[in-house]
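Visitor: I should like a close look at one part of this structure, namely its largest pocket and the strands around it. Please describe how that part is built and how it is placed in the chain as a whole.

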Amino acid sequence: MASIPKLSSLFTWALYFVPIYIFALDPLLRPFFPALPSKSLQDRDIYNDWDLADLPPALNTTDDTFISPEDGVPFNCPGVPAGYHVHLLSRAPLIIYLENFVSDQEVKHILDVSLTKYTPSIVYDGVTERIDSDVRLSERGLLERDDVIRCLEDRARAFQGWRPHLYIERMWAQRYNVSGHYRHHFDWTGSFAQGGDRISTFMVYLDADCEGGGTNFPRLRMPPGKEWCRFLECDDDQGNKFAPGERKEGITFKPIKGNAVFWQNLRPDGSGYPETWHASYPVTAGTKVGLNIWSWYQPPKRDELRG
């Protein structure tokens, strides 16, 4: 009669079997036994894959102090740009440079109506709002939803494919005088599971009569192609030119009037892209004025899915 293997022998065999399975048997068997689709958070598509039991509490999406609801008010679009040019910088996260996104007439209108609206910009830590000039030194002005602003809201929705449950937040003009800056931060807050989050950002440059003031993304790599030097800073601190693709870490967008940068903040599972960590570098001379167009994604309400 064969003897029963000792416990130490079984343990030794297991140590040998595990790497053999991982590196040899598993790759061979995987085509014949594919894994079942997972319904974990990481595998969900935030637009199409939520079950009723998973939905977070619904926010009040008619709150016009926060978002710009599609209320059916008619509007026209004076001074619409003849057409803006699209330049793809990154696919994941999706980052697109938009040349001539707003017209000179639209820029002038926003600059004029925002003049009397500026107050010190705040910093939000997820709980409270405060003024902290070490983190953020600028002024912001909440813009009324006139025809020009409604036209920009419509343009931002159209650019993103008129996705359902996507809302344009109320727009703020941002003014940076000398020393004005905003330290590195995310536009997303990680609040998607609690009810929604900023899925995308348009950073629009309205006035760029300044030195400095670039928008820096330290976790992105300089793209190949010298053409990008029209929109990105391609000099080092000593003024030396970088060869296309040479710079290994970080890109900085130049403030250019009428142009914009669009990026997605959230992955399909609702988690944030760490590559969207960005800052507004200090203005060293003159004034920069920007416009934030943030898109808030709110998962559908339970009664909407039942209907």
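Guide: The account below begins with the chain, turns to the pocket and its strands, and ends with two loops and a cis peptide bond.

The model is a predicted one. Its protein chain holds 4 helices and 16 strands. Of the 307 residues in the chain, 42% are buried. The chain exposes about 17,200 Å², and carbon and sulfur atoms supply 57% of that area. Contacts reach far along the sequence: among those between residues at least 6 apart, 78% join residues at least 24 apart.

The largest pocket contains about 980 Å³ of space. Its lining is made by 37 residues, and those nearest the centre are Ile-122, Tyr-124, Arg-136, Arg-198 and Trp-294. By residue class, the lining divides into 15 nonpolar, 12 polar and 10 charged residues. Several strands take part, for strand 4 (123–124), strand 9 (172–176), strand 10, strand 11, strand 15 and strand 16 each supply at least two residues of the lining. As a general point, rolling a probe the size of a water molecule over the atoms shows where empty space is left.

Two of these contributors, strand 11 and strand 16, are also partners of each other. Strand 11 (residues 197–212) runs antiparallel to strand 16 (residues 283–297), and 14 bridges join the two. Within this pairing, Thr-201 of strand 11 stands opposite Trp-294 of strand 16. Trp-294 is also one of the residues listed as nearest the centre of the pocket. Strand 11 has a further pairing, with strand 14 (residues 260–264), which is antiparallel and extends over 5 bridges. There, Val-204 stands opposite Ala-260 of strand 14. In general, the side chains of a regular strand alternate between the two faces of the sheet.

Strand 10 and strand 15, which likewise contribute to the pocket lining, belong to an open sheet. This sheet has 5 strands in the order 6-10-15-12-13, with antiparallel pairing. Strand 6 (136–137) and strand 13 (251–253) stand at its edges with a single partner strand each, so one side of each is left without a neighbour in the sheet. Arg-136, a residue of edge strand 6, is among those nearest the centre of the pocket. Strand 10 (residues 181–185) is joined to strand 15 (residues 278–280) by 2 bridges, and these two strands run antiparallel. The bridge partner of His-185 in strand 15 is His-278.

Some backbone details in the loops complete the description. The peptide bond from Ala-92 to Pro-93 is cis, with omega near 0°. Pro-93 is found in the loop between strand 1 (85–91) and strand 2 (94–99). The loop between strand 2 and helix 2 (104–114) contains Asn-100. Asn-100 has a phi near 60°, a positive value in a residue other than glycine. With a relative accessible area of 36%, Asn-100 is partly exposed. A positive phi is found also for His-165, near 65°, again in a residue other than glycine. His-165 lies in the loop between helix 3 (147–159) and strand 8 (166–168). His-165 has a relative accessible area of 21% and is therefore partly exposed, since the term buried applies under 20%.

Methods:
Residues numbered from 1 in each chain as written. Predicted model: local features only at pLDDT ≥ 70, side-chain atom pairs only at ≥ 80, totals over all residues. Heavy atoms only, no water. Pairing = 2+ DSSP bridges. Buried < 20%, exposed > 50% of the residue type's maximum accessible area, 1.4 Å probe, protein only. 1 Å grid on protein atoms, 1.4 Å probe; cavity = no way out; pocket = protein on both sides within 12 Å on 5 of 7 lines; lining within 4 Å. Points joined across faces, edges and corners; volume = space filled by probe spheres on them. Nonpolar A, V, L, I, M, F, W, Y, C, P; charged D, E, K, R; others polar. Contact = heavy atoms within 4.5 Å. Areas by Shrake-Rupley, 256 points an atom, 1.4 Å probe, with all protein chains shown as cover.
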